[in-house]
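Me: Hi! I'm new to this one and would like a friendly tour. Could you walk me through it?

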Amino acid sequence: MNPLPGAGGGTPAGTQYDPNDPNIKRLNAMMESCFGKAALSGVMGFGMGGLFGMFMASMSYDTPFHTPGAPGSAPQSITSLPLRQQLKVGFKDMGSRSYSTAKNFGLVGLMFSGIECGIEGFRAKNDIGNGVAAGCLTGGILARSGGPTAVAGGCAAFAAFSTAIEVWIRQPKDED
């Protein structure tokens, strides 16, 4: 008897699922579509961005900061507030920073993945050039409000980062 439900107890040796199952076919079709890849990347980026934002917000409290007082009054040091108020201010700030970072990571993941998938479909190739071009376009689009110099810098930075990641991912694995 298999102690874990769904752990392959009733399937033939080595197979985990039936590839002809209509549910599996739908999941595979969704994950092979550009929309599915982009949506999943956006959701995963949002989740990772939220965790990263929470971590970074928690690290920023090592320096004293001030909480605004009433309009027109001097800001008040957070250490002078009661503990409950300090926690309220800290968690509110952490939540807003986490949400902001999550939105940014989600947008970058969605854009990069969607653009890369579109380029891959257009070129009918799966190589490093797709990631480089997608990085350049994503960086340029994100920096568009900063003018042409910012667009060029965003394109170059994202393309360089994408190239480094693609080269690292595609390197041969050591078989120990």
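Me: Let's start with helix 4 and helix 5. What is the handedness of their crossing?
Reply: Happy to help! In this predicted model, the crossing of helix 4 and helix 5 is right-handed.

Me: And what sort of residues sit in that contact, by class?
Reply: The contact of helix 4 with helix 5 has nine nonpolar, eight polar and two charged residues.

Me: Which residues are they?
Reply: On the helix 4 side they include Ile-128, Val-132, Cys-136 and Leu-142. Among those they meet in helix 5 are Val-151, Phe-158, Glu-166 and Arg-170.

Me: At what angle do the two axes cross, and how close do they come?
Reply: Helix 4 covers residues 128-142 and helix 5 covers residues 148-170; their axes come within 7 Å and cross at roughly 150°. Because of that angle, helix 4 is roughly antiparallel to helix 5.

Me: Why give both an angle and a distance?
Reply: Those are the two things that describe a pair of packed helices: the angle between their axes and the distance between the axes.

Me: OK, let me zoom out. How many helices and strands does the protein have?
Reply: There are five helices and two strands. Along the sequence, the pattern reads α-α-β-β-α-α-α.

Me: How much of the protein is buried?
Reply: Of its 176 residues, 23% count as buried. The accessible surface comes to about 12500 Å², and 67% of that belongs to carbon and sulfur atoms.

Me: What share of the contacts comes from residues far along the sequence, say 24 or more positions apart?
Reply: Such pairs account for 54% of the contacts in the protein with a separation of 6 or more.

Me: Back to helices. How does helix 3 cross helix 4?
Reply: Helix 3, residues 83-123, has an axis that comes within 8 Å of the helix 4 axis, and the two cross at roughly 135°. That angle makes helix 3 oblique to helix 4. The crossing is right-handed.

Me: Who meets whom there?
Reply: Helix 3 brings residues including Leu-107, Met-111, Phe-112 and Ile-115. Helix 4 brings, among others, Ala-133, Ala-134, Leu-137 and Ile-141. By class, this contact has 11 nonpolar, five polar and three charged residues.

Me: What comes between those two helices?
Reply: A loop, and Ala-124 is placed in it. Ala-124 has a positive phi of about 55°, although it is not a glycine.

Me: Is Ala-124 buried or exposed?
Reply: Ala-124 counts as exposed, because its relative accessibility is 68% and the cut-off for exposed is over 50%.

Me: Now Ser-98. Where does it lie, and what does it touch?
Reply: Ser-98 lies in helix 3. Leaving aside neighbours within four places in sequence, Ser-98 is in contact with Gly-49, Gly-50, Gly-53 and Met-54. With a relative accessible area of 9%, Ser-98 is buried.

Me: One more, please: Ala-57. Which helix holds it?
Reply: Ala-57 lies in helix 2, which runs over residues 34-59. Ala-57 is buried, with a relative accessible area of 1%.

Me: Which residues are in contact with Ala-57?
Reply: Apart from neighbours within four places in sequence, Ala-57 is in contact with Met-94 and Arg-97.

Me: And how far is Ala-57 from Gly-95?
Reply: In sequence, Ala-57 and Gly-95 are 38 residues apart; in space, they are 8.6 Å apart, C-alpha to C-alpha.

Methods
Residues are numbered from 1 along each chain as its sequence is written. This is a predicted model: local features need pLDDT of at least 70, side-chain atom pairs count only at pLDDT 80 or more; totals for chains, interfaces and linings use all residues. Side-chain values use heavy atoms; hydrogens and water are left out. Axes are lines fitted to C-alpha atoms, for helices over the stretch in contact, and angles run from 0 to 180 degrees between N-to-C directions. Helices (H or I, at least four residues) and strands (E, at least two) are DSSP runs, numbered from the N terminus. Angles under 35 degrees count as roughly parallel, over 145 as roughly antiparallel, 65 to 115 as roughly perpendicular and the rest as oblique. A crossing is left-handed if the near helix is turned anticlockwise from the far one by less than a right angle, and right-handed if clockwise. Contact means heavy atoms within 4.5 Å. Ala, Val, Leu, Ile, Met, Phe, Trp, Tyr, Cys and Pro count as nonpolar, Asp, Glu, Lys and Arg as charged, and the others, Gly among them, as polar. Buried means under 20% relative accessible area, exposed over 50%, partly exposed in between (1.4 Å probe, protein chains only). Accessible areas come from the Shrake-Rupley method with a 1.4 Å probe; for residues, only the protein chains shown count as cover.
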